[in-house]
Amino acid sequence: MDTTEQGPKEVPLALTPAVLSLSNCPGTTPGTPLSKNQLKKQRKLAEFAELRKLRREREREKKKQKRRESKELGLPLRTGPSRKELKKRQVTDVGESVLSVAIDLDYDDLMHERDIAKCVKQCLRIYTINRRSPQPGKLHFTGIRRNGHIHDSFKKNDGWENWHVQYHFDRGHADVFDRSQLVYLTCESDRVLDKLQAGCTYVIGGLVDHNHFKGLCHSRATEAGLTTARLPLSEHVDMKTRAVLSTYHVFELLTKVAAGQDWTAAILDTIPMRKGAKAKITEKKDEPCQDLEQKDEKPDAESKKPTETAIESEIESHSLDS
């Protein structure tokens, strides 16, 4: 009897389970190597990010040099209010402001990287408009997913944490405010916003989709049971294109109306020239009817007046009878 120990049997390579990776996983295609232009663009972006602080320092030095030169020449140092003055005015005026706006940023997974950058850029412009407004309002950024794409895009802006804005991470507008006091602005709504009401918070959808998700903000608001409204664009102006505005245009329009400007003037000052907006001419249709009635009444009144020949004939008849 053979007592020699036999070693472990070798398993054929065909029977060994393959390790799943992105290259052999079903439903995926292997990644293609980057082209020369793409590699060049990546290197430029990396260099741009590394030299950002250095550029900021150079810009500050240039501004200081311009201030020194203008001070020596006796010129005014600035044409408008300083940043400190704007921030001080914003802090004091926000408490008395009637306008309260929330930008809904809960669309992190529906936008591409380029659209997310545009969305955050519009938020930056909204913050600037609110700071420079004569009557700044209460501004909220809601629905930001912590460490999400929009949050990462905000981090690329130096000092974004110090903005005079209320950030709400992982909390939507319905979680922050009372639902009865929320009004979601959508162009598909049947209700027209004629007047801004105190105590209401107006929600603007921060979605840059190039009309790929048409009606999404309205459907989300109605499913959540929120009140919706649309801006009175068609009631005040005629436009060549669709009545769809960007996020910061809607906010700018609300700030101008809250500052006391009428809807027609605010719309014409805010809407871009390419939309061809013109103020509506309200024709009074009742006046021509009144004129016709007056003209019809005049002949009746004149017919009732006795003519001179009729008076003479009556006098002659009276004299003959006597």
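1. In this predicted model, strand β1 (residues 100-104) and β5 run parallel and are joined by 4 bridges, and within that pairing Ile103 has Ile204 of β5 as its bridge partner. Strand β4 (residues 182-185) also runs parallel to β5, here through 3 bridges, with Leu182 standing opposite Thr201 of β5.

2. Strand β5 (residues 201-205) is largely enclosed by the rest of the structure, because 5 of its 5 residues are buried. The cover extends to both of its faces, since Thr201, Val203 and Gly205 are buried on one side and Tyr202 and Ile204 are buried on the other.

3. The largest nonpolar core has 57 residues, and those touching the most other members are Phe141, Phe154, Leu185, Leu231 and Leu254. Helix α4 (residues 113-132) supplies the largest share of this core, namely 7 residues.

4. Leu185 deserves a separate look: apart from neighbours within four places in sequence, its contacts are Leu193, Tyr202, Val203, Ile204, Ala229, Leu231, Val250 and Leu254.

5. Helix α8 (residues 247-258) is mostly covered, with 11 of its 12 residues buried; among them are His249, Glu252 and Lys256, alongside Val250, Phe251, Leu253 and Leu254. The elements that cover the buried residues of α8 include β1, α4, β2 (138-144), β4, β5 and α9 (263-270).

6. As a check on the geometry of α8, its 12 residues should span 16 Å at 1.5 Å a residue, and the end C-alpha atoms lie 17 Å apart, which agrees. Just after this helix, Gly260 adopts a positive phi of about 110°.

Notes: Residues numbered from 1 in each chain as written. Predicted model: local features only at pLDDT ≥ 70, side-chain atom pairs only at ≥ 80, totals over all residues. Heavy atoms only, no water. Buried < 20%, exposed > 50% of the residue type's maximum accessible area, 1.4 Å probe, protein only. Helix = DSSP H or I, 4+ residues; strand = E, 2+ residues; numbered from the N terminus. Pairing = 2+ DSSP bridges. Core = buried A, V, L, I, M, F, W, Y, C linked by side-chain atoms within 4.5 Å. Contact = heavy atoms within 4.5 Å. Expected span 1.5 Å × (residues − 1).
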